[in-house]
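Q: Got a minute to go through a structure with me? I'll keep the questions short.

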There are 2 protein chains.
Amino acid sequence: MIAACKTSKRKKPTDFRKAADVFKALANPNRLLIVDALGKGEKCVADLTELVGLDISTVSNHLSVLRKVGLLVDERRGTQVFYTLKNACVLKIFCCLDEFHAHLGR
Amino acid sequence: MIAACKTSKRKKPTDFRKAADVFKALANPNRLLIVDALGKGEKCVADLTELVGLDISTVSNHLSVLRKVGLLVDERRGTQVFYTLKNACVLKIFCCLDEFHAHLGR
DNA sequence: ATCATACTTCGAAAGTTTGCCAAATTACAA
DNA sequence: TTGTAATTTGGCAAACTTTCGAAGTATGAT
């Protein structure tokens with residue numbers, strides 16, 4: 001039996017669906033690469049495209065997946081669109097994962 | 001710019017792939033329901049099948065997805081197989097998500 | 001206005017996931 | 001050993017994801 005967190009309350013089916021949507025958005029190595037990069041500061045689509053090495057349309061799609069679940073915000077400045085992490089929680093989740101893999105020993 | 005966690009180090013492509021696999025395992029409402037239930041203690045497949053309301057073979061598949069990424073461990077006792085959370089990190093991730101949704105206001 | 005740049009949206013192909021059913025496996029009991 | 005209960009595995013169809021290239025949109029420069 002493991003202690004739950006302070007903020008946790010009785011969960012409804014929609015809670016699991018919403019949570020699953022966020023995990024779905026994070027369930028792709030290229031999107032994780034993007035999130036990790038944005039953890040260091042905002043980037044435009046072209047920068048991220050160079051980083052992940054896929055077609056710009058594909059990267060744009062990945063960005064929209066992350067934006068739709070509220071992980072990112074976009075801001076147009078001139079012809080460029082800059083993306084930023086919406087909040088630090090995602091990076092915390094990364095930390096939990098680091099711990100998890102350390103615990104697993106892989 | 002957001003502070004990274006203490007344990008974070010330079011990430012390799014395989015790190016993102018492994019992390020994505022864990023998120024993939026969590027990217028399904030029924031599997032989240034299972035993880036949440038197991039947070040309260042071990043359960044056998046039949047118990048979990050009743051909980052999620054899908055075919056037992058489907059639940060068995062979900063459990064194997066979660067086991068493969070190291071989130072669960074199984075233990076056979078007689079004819080039954082009991083599943084347990086491998087560690088508390090997953091529940092911490094849930095907490096991060098709760099925070100995230102609170103921050104988003106949905 | 002026209003053009004170039006930066007990005008998004010659409011449509012299609014290939015691959016993956018989810019679910020059910022039926023068949024196979026495992027452990028125990030009679 | 002034959003049967004029965006619990007779980008896993010294999011096969012399949014429907015739905016979803018990933019990627020690309022082409023076409024579309026928005027902004028700023030000429």
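A: Sure; this is a predicted model, and we can start with the DNA contacts.

Q: How many residues surround DNA strand D, and which are the closest?
A: 22 residues surround strand D. The closest are Asp55(A), Thr58(A), His62(A), Ser60(B) and Tyr83(B). Of the strand D atoms that come within 4 Å of the protein, 76% belong to sugar and phosphate.

Q: Where is the phosphate oxygen that pairs with Ser60(B), in distance terms?
A: A polar side-chain atom of Ser60(B) sits 2.5 Å from a phosphate oxygen of DNA strand D.

Q: What about Asn28(A) and Ala46(B), side chain or backbone?
A: Asn28(A) uses a side-chain N or O atom, 3.2 Å from a phosphate oxygen of strand D. Ala46(B) uses a backbone N or O atom, at 3.0 Å.

Q: Which elements supply the surface near strand D?
A: From chain A, helix 2 (29–38) and helix 4 (56–68) each give at least two residues. Chain B does likewise with helix 3 (45–52), helix 4 (56–68) and strand 3 (80–85).

Q: Which one has the largest share?
A: Helix 4 of chain A, with four residues.

Q: And the surface by class: how many nonpolar, polar and charged?
A: Six nonpolar, twelve polar and four charged residues.

Q: New topic. Where is Asp15(A) found?
A: In helix 1 of chain A, residues 13–26.

Q: Why is Asp15(A) called partly exposed?
A: Because its relative accessible area is 23%, and partly exposed covers the range between under 20% (buried) and over 50% (exposed).

Q: How far is Asp15(A) from Leu104(A)?
A: Their C-alpha atoms are separated by 28 Å, with the two residues 89 apart along the chain.

How values were computed
Residues numbered from 1 in each chain as written. Chains lettered and ligands numbered in written order. Predicted model: local features only at pLDDT ≥ 70, side-chain atom pairs only at ≥ 80, totals over all residues. Heavy atoms only, no water. Near = heavy atom within 4 Å. Polar contact = N/O pair within 3.5 Å; in protein donor to acceptor, adjacent residues only side chain to side chain. Nonpolar A, V, L, I, M, F, W, Y, C, P; charged D, E, K, R; others polar. Buried < 20%, exposed > 50% of the residue type's maximum accessible area, 1.4 Å probe, protein only.
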